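Work through the exercises below with the structure open. Each task is followed by a solution in steps.

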Amino acid sequence: AALEIELCGAMSRPQLNVGGQPVLFPVTLKPGERLICRDRQAWRVLDAKRAVRSEGRLESKVPILRSGATRIEFTCRDPDRARVCLVKRYD
């Protein structure tokens, strides 16, 4: 399964560790902004009016989830009402 990522709330340098592989987003989100990564590599930050504030590409794709349990950890700097939404997408 592919992993779709949405991060909301104020935070700096959010990182997911997906099955032991780090996925770092080199951005700072302000209150009301959200980061979206749906294709495993391209990401964009939207403001409260859904305007694109910044965008980029990860150095490597978010790992595919294998069958069974996959450990996922989240870290960031300066979190304020941080919210993490993950969706497994099966093709």
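**Exercise 1.** Is Arg53 buried, partly exposed or exposed, going by its relative accessibility?

Solution. The model is a predicted one. Partly exposed is the class between under 20% (buried) and over 50% (exposed). Arg53 has 37% relative accessibility, so Arg53 counts as partly exposed.

**Exercise 2.** Find the salt-bridge partner of Arg53 and describe its surroundings.

Solution.
- Step 1: Arg53 forms a salt bridge with Glu33, and the closest N and O atoms are 2.5 Å apart.
- Step 2: Place the two residues. Glu33 sits in the loop between β3 and β4, while Arg53 belongs to strand β6 (residues 52-57); with their positions 20 residues apart, the pair links distant parts of the chain.
- Step 3: Check the burial of the partner. Glu33 counts as buried because its relative accessibility is 7%.
- Step 4: List the neighbours. Leaving out residues up to four places away in sequence, Glu33 touches Leu7, Cys8, Gly9, Thr28, Val45, Leu46, Asp47 and Arg53.

**Exercise 3.** Which residues are joined with Arg89 into one network by salt bridges that share partners?

Solution.
- Step 1: The structure holds 5 salt bridges.
- Step 2: One of them pairs the side chains of Arg89 and Glu4, at 3.0 Å from N to O. Arg89 is in strand β7 and Glu4 in strand β1, so this pair ties together parts 85 residues apart in sequence.
- Step 3: The side chain of Arg89 also meets that of Asp91 in a salt bridge, at 3.5 Å from N to O.
- Step 4: Through shared partners, Glu4, Arg89 and Asp91 form one network.
- Step 5: Compare accessibility. Glu4 is buried at 17%, Arg89 is partly exposed at 29%, and Asp91 is exposed at 86%.

**Exercise 4.** Which residues have the most contacts inside the largest nonpolar core, and which elements give two or more residues to this core?

Solution.
- Step 1: The core has 17 residues, and those with the most contacts inside it are Ile5, Phe25, Leu35 and Trp43.
- Step 2: β1 (2-18), β4 and β5 (42-46) each give two or more residues to this core. β1 gives the most, with 6 residues.
- Step 3: Take Phe25 as an example. Apart from neighbours within four places in sequence, Phe25 is in contact with Ile5, Leu7, Arg13, Pro14, Leu35, Cys37, Trp43 and Leu58.

**Exercise 5.** Which residues form a nonpolar patch on the surface?

Solution. The patch consists of Ile72, Val84 and Leu86, with about 190 Å² of accessible area together. Ile72 is found in strand β7 (residues 72-89) and, at 31% relative accessibility, counts as partly exposed.

Technical notes:
Residues numbered from 1 in each chain as written. Predicted model: local features only at pLDDT ≥ 70, side-chain atom pairs only at ≥ 80, totals over all residues. Heavy atoms only, no water. Patch = residues over 30% accessible without salt bridge, like charges linked within 9 Å, V, L, I, M, F, W, Y side chains within 5 Å. Areas by Shrake-Rupley, 256 points an atom, 1.4 Å probe, with all protein chains shown as cover. Salt bridge = Lys/Arg side-chain N within 4 Å of Asp/Glu carboxyl O. Helix = DSSP H or I, 4+ residues; strand = E, 2+ residues; numbered from the N terminus. Buried < 20%, exposed > 50% of the residue type's maximum accessible area, 1.4 Å probe, protein only. Contact = heavy atoms within 4.5 Å. Core = buried A, V, L, I, M, F, W, Y, C linked by side-chain atoms within 4.5 Å.
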